[in-house]
Amino acid sequence: MAAATSLEHDLKLVLIALLVIALSPQASHAELNVLIVEGLGGEPQYAERFDNDVTAIEQAAVSVTSAEHIKVLRRDDATRDAILAHFESLKSASTESDQFVVYLIGHGSFDEYQYKFNLPGPDLTGEDIASALNTLPAASQVLINTSSSSGAILELLENENRTVVSATRSGVERHATHFGRYFVEALSEPGADLDKNRLISVQEAFDFAERQVGDYFEGNGQLATEHARLEGDRATRMTLARLDTARPEVSDRILEELNGRRVLLNADIEALRNTRPDMSDEEYRRQLLEKMLELAQVEDSIESRQAELDAQ
Amino acid sequence: MKTPGSLLLVTICIVLSCNDAEARDLHYGSVTDASIARCDEAHWRGQIDDAAACYSDVMNGDAPAAAKAEAAWALADRQLANNWFRRATAEAPDDMATKVRWGDLFADTHQNAEAMEIYREVLAAEADNAYARLGAAHVLIDSFEAAAEEYLDELLSSPVTPDGPRLGALLLLARASLENGNRDESRSSLEEARDILARNDWPPLELLAIQAASDLLDGHDDSPAIAESLAYNPHYGGIYSTAAHYFVITRRYREAIDLYQKAVEIDPGLASAHEQMGINLLRDNQVSRARRHLEIAYKSDPFSPATVNTLRLLDSFVDFKLISEPSADGEQVPVTLRLHQDESAAISPYAIELIRQSIDVFTRRYEFTLREPVVVEMYPDHEDFAVRTAGMPGIGILGATFGYVIAMDSPSSRPAHQFQWGTTLWHEMAHVFTLEATGHLVPRWFSEGISVFEEWKSGPNPGVRIPMSVYSAMQEDRFLPIADLDEGFIRPTYEGQVLVSYMQAGLVCAFISSHYGDNVLREMLYRFGDGLDTRASVEQSLGIASTDFDEAFADYVSKEHGSVLERLDQWNETQARIASQAHDGNWQSVRELATEMIAILPGYVESDSPYLALARAERELGNADAATQALTTYWTNGGYDPAALARLARTRNDAGDPAAAARILYSAMLVDPLDIELHGERGEALLAAGDAAGALREFTVAIDLEPHDMATAWFRMAKAQYELGNTAASQEHLLQALDIAPGFRPAQRLLLKLAAESAN
């Protein structure tokens with residue numbers, strides 16, 4: 001019995017270590033590169049909106065990676081050549097352990113054969129995007145395409161290492177989309193942070209935006225002209241923004257121990273949730289209360305220790 | 001021109017029919033076949049079995065196709081009748097009389113467009129075919145189309161119109177006159193019709209039914225026309241159902257139900273009576289009984305859109321929740337809400353509060369105590385509301401009151417900025433009082449006037465709100481004399497006149513209230529209950545002739561609104577300039593123009609209110625306080641745009657006045673109670689203001705609406721329960737929040753606080 005418990009404990013630690021790596025690219029020497037592209041707005045209202053969206057995304061990106069890893073291409077600078085050149089530069093500068101997030105903010109089109117993201121000069125095609133992403137070493141890739149017809153490239157981009165968010169489910173949803181503005185809103189919206197860890201994951205931003213789009217059409221009594229899609233199974237683990245300021249890493253034994261306890265407790269809670277179907281409600285609540293109180297005390301201790309360290 | 005071949009295509013619409021259907025209408029000579037005439041005579045005398053046997057004999061014999069069609073129709077087999085008419089017209093394409101009857105069959109099965117095509121086809125071939133004109137007039141008058149009048153004029157003015165169509169036209173005219181309230185004209189038409197009947201020995205049943213309706217509307221319950229009709233044919237249900245129709249259109253639904261009941265007792269197969277009885281029973285909240293009659297109607301006449309629509313609506317009631325609210329203090333009547341299950345939790349607390357408040361206000365002002373429970377239904381789909389109200393989709397109103405039953409659009413039926421459901425409910429509640437206090441005798445204009453007046457005076461968003469289109473009508477001097485004001489509602493002559501009439505009626509009541517007092521307004525109401533018309537009620541209550549009243553009212557309007565009317569053009573020009581300046585981002589100019597507009601009409605708070613433009617301009621110019629001030633004035637004047645109110649509430653909350661924020665958000669709830677975040681924000685404001693019970697109510701509604709962020713929603717519940725001292729409930733909600741989001745720090749802190757307090 002004791003041996004089994006020990007084994008469980010070891011396995012748990014491995015899982016926790018993996019979890020920590022997945023959630024914190026900065027802490028594990030992996031880099032998070034972000035490319036934000038603002039396409040042609042056409043009408044002034046869209047140009048203004050895309051401009052604001054890109055600014056908000058840039059602010060969100062700064063909260064999860066350093067400025068030198070963020071590339072923003074706006075207006076006349078956002079050409080097909082400039083985008084592909086940036087991919088080319090990342091090819092040599094990044095490694096397999098890196099993460100890469102691309103935002104395409106603008107209008108798209110689809111002529112039954114080819115998807116195009118509208119840019120000054122030649123447009124960026126679906127094939128361009130797939131080819132550029134396929135050549136990158138970064139094993140973990142996220143593409144967020146908020147344009148009309150963006151669903152046209154879902155199949156083209158299918159890859160087990162890749163998470164793809166599109167504002168539409170296919171190329172034939174051609175109306176200018178609302179999804180983008182809600183997705184961007186999610187990056188700074190506490191209400192989108194469903195697990196209250198102060199981080200906005202791809203999944204959380206997508207869920208928030210998808211619901212807002214549904215409410216928009218329902219509230220206006222209109223048939224929905226867009227249906228967002230999310231492909232890939234890493235969306236809950238990929239962080240796009242944090243809602244509070246990241247603390248500088250400090251080396252402190254007490255803090256490390258407390259963080260370790262927090263991780264263990266979270267794992268215990270997750271395990272408890274998984275066994276819920278086998279328990280009575282009363283027993284589940286009793287155990288949950290116990291774990292939650294313990295976790296709350298650990299969090300208090302972490303806050304206190306951090307305050308002590310800040311004061312030093 | 002439609003060929004007989006193409007006519008065949010539309011006949012596929014006629015499907016199976018049943019044997020209990022009501023018989024076809026009287027045809028006054030349009031059917032000349034002798035065998036059918038014999039059967040008809042028995043039928044119209046009420047010798048039902050003999051008539052049925054007679055028609056069957058025709059069907060089984062070697063009668064012409066057209067006669068067989070008539071017999072099948074009389075036996076209520078409309079599909080077979082259609083087949084025989086098709087054959088008859090194919091065999092004799094030039095037989096226009098049969099073709100007209102085929103058109104009549106289409107009209108009888110509610111396929112008016114197809115019927116009209118046949119009548120037009122006949123008239124193209126025979127321009128003077130009077131029966132085709134009569135058929136067309138019938139169809140068009142049912143659709144309230146003015147062209148019906150032209151057909152009737154032609155029939156009645158032509159010296160060569162045969163007796164049959166002339167009689168039909170006179171009876172149609174008598175019905176229309178009665179509908180318009182013109183009893184003298186109706187009687188005159190009936191007199192002329194009586195002579196024709198006597199000359200031709202046709203059944204007098206239809207004439208007697210109109211005569212009886214007129215008598216009953218005059219309060220003569222012992223109309224000799226009823227006795228005469230029953231003596232002629234004891235099974236003619238039309239003698240009662242015709243009168244019932246006129247009670248329906250004067251909103252006396254219970255009297256109508258009684259008459260329909262009598263109609264179906266003597267004529268159980270009268271589908272139209274069952275249908276109307278069902279629809280009117282619904283207006284009296286007798287749902288099960290209504291369904292029974294509608295199902296009978298459907299069995300007899302599956303072609304009626306009103307029957308089918310209403311039965312479908314009843315089927316949808318499974319998605320609705322009935323919420324019964326007994327009177328808390330025993331003084332008020334109980335209230336029942338029928339709300340869609342997805343919306344009931346969000347709407348019911350607010351609706352019940354408003355209904356209770358309105359009952360309190362109106363009971364005192366009109367000195368009338370409600371005698372029965374009030375039922376309020378709200379429909380998320382406007383067309384369901386329309387079917388509930390009129391049996392058919394396509395009406396433009398927001399709410400309807402049938403007495404103690406109100407049906408209205410729910411807040412989700414329209415975009416939030418278009419519809420103040422709270423004000424609509426208040427408006428309809430005023431109708432409950434004006435209808436019930438007068439035994440439903442109040443004229444339309446006065447009932448609407450009181451309702452609009454109460455919206456302005458005591459409603460949840462008080463203040464005189466007149467749309468700009470109505471100011472334009474006032475400028476063009478389009479207000480009607482008070483004695484004719486009902487016409488503006490019932491028979492509008494220009495687009496938008498109904499809205500203009502609503503506002504005029506409201507202003508009339510406001511004028512009477514301010515110049516004569518609420519007691520005189522109340523006295524007028526009771527005069528209407530005594531059966532007086534508008535002229536008499538004005539003379540007796542106000543002591544002046546209605547024409548003198550019109551002059552005084554015009555002076556009042558000029559005094560109250562003259563300055564606005566003089567500057568209406570300036571207003572319109574300035575508004576257009578604001579739009580272009582805002583588009584160009586010239587906020588300084590927007591501020592100046594909006595201020596100019598506010599000086600013209602400070603109380604204007606519709607969706608294009610200058611206050612909203614001013615607030616935006618001030619915000620863009622960095623003047624946060626001025627923006628808040630603009631929105632505050634907008635709100636206090638009755639502005640209701642929920643997004644603007646939410647913004648204003650946040651500024652009040654940030655300024656440390658959560659109680660004000662909660663009040664502002666209450667106004668927003670009366671527009672958009674389904675906005676989850678508004679409930680959350682209002683709950684937080686109430687909690688901060690010390691009203692934990694109110695906060696819990698808001699948070700409970702938010703949970704019921706299934707918010708995206710459930711962890712926060714449960715945490716809010718926990719906070720409210722904690723403030724109320726319900727620690728067990730608070731802990732339970734905290735666990736619900738933390739189960740979703742274990743790292744939710746505020747919830748963790750409250751959990752530790754609870755544990756610490758429990759340990760102590």
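A disulfide is taken here as a pair of cysteine sulfur atoms within 2.5 Å. The exercises below concern a predicted model.

**Exercise 1. Find the disulfide formed by C39(B) and its partner, and determine its handedness.**

Step 1. The sulfur atoms of C39(B) and C54(B) lie 1.9 Å apart, and because the cut-off is 2.5 Å, the two cysteines form a disulfide. Over all chains, the structure holds 1 disulfide.

Step 2. The torsion about the S-S bond of C39(B) and C54(B) is about -75°, and the disulfide is therefore left-handed.

Step 3. The pair links distant parts of the chain, with C39(B) in helix α2 (residues 34-44) of chain B and C54(B) in helix α3 (residues 48-60) of chain B, 15 residues apart.

Step 4. With a relative accessibility of 0%, C39(B) counts as buried, and C54(B), at 18%, is buried as well, because buried means under 20% relative accessible area.

**Exercise 2. Describe the salt bridges of R364(B) and of R365(B), and decide whether each residue involved is buried, partly exposed or exposed.**

Step 1. The side chain of R364(B) meets that of D360(B) in a salt bridge of 3.1 Å, N to O. Both residues belong to helix α19 (residues 344-366) of chain B, where they are 4 residues apart, about one turn of the helix.

Step 2. R364(B) has a relative accessibility of 55% and so counts as exposed, whereas D360(B), at 39%, counts as partly exposed.

Step 3. R365(B) forms a salt bridge with E454(B), and the closest N and O atoms are 2.6 Å apart. Since E454(B) lies in helix α22 (residues 444-458) of chain B and R365(B) in helix α19 of chain B, the pair ties together parts that are 89 residues apart in sequence.

Step 4. E454(B) is buried, its relative accessible area being 0%, and R365(B) is also buried, at 14%.

**Exercise 3. Identify the residues of the negative surface patch that includes E706(B), and locate E706(B) in its chain.**

Step 1. The negative surface patch is formed by E218(A), D319(B), D342(B), D704(B) and E706(B).

Step 2. E706(B) is placed in the loop between α36 (692-704) and α37 (710-723) of chain B.

Step 3. Because exposed means over 50% relative accessible area, E706(B), with a relative accessibility of 55%, counts as exposed.

Methods:
Residues are numbered from 1 along each chain as its sequence is written. Chains are lettered from A and ligands numbered from 1 in the order in which they are written. This is a predicted model: local features need pLDDT of at least 70, side-chain atom pairs count only at pLDDT 80 or more; totals for chains, interfaces and linings use all residues. Side-chain values use heavy atoms; hydrogens and water are left out. Patches are made of residues with over 30% relative accessible area and no salt bridge: like charges are joined within 9 Å, nonpolar side chains (Val, Leu, Ile, Met, Phe, Trp, Tyr) within 5 Å. Accessible areas come from the Shrake-Rupley method with a 1.4 Å probe; for residues, only the protein chains shown count as cover. A salt bridge is a side-chain nitrogen of Lys or Arg within 4 Å of a carboxyl oxygen of Asp or Glu. Lys and Arg count as positive and Asp and Glu as negative; His and the chain ends are not counted. The place of a charge is taken as NZ of Lys, CZ of Arg, CG of Asp or CD of Glu. Helices (H or I, at least four residues) and strands (E, at least two) are DSSP runs, numbered from the N terminus. Buried means under 20% relative accessible area, exposed over 50%, partly exposed in between (1.4 Å probe, protein chains only).
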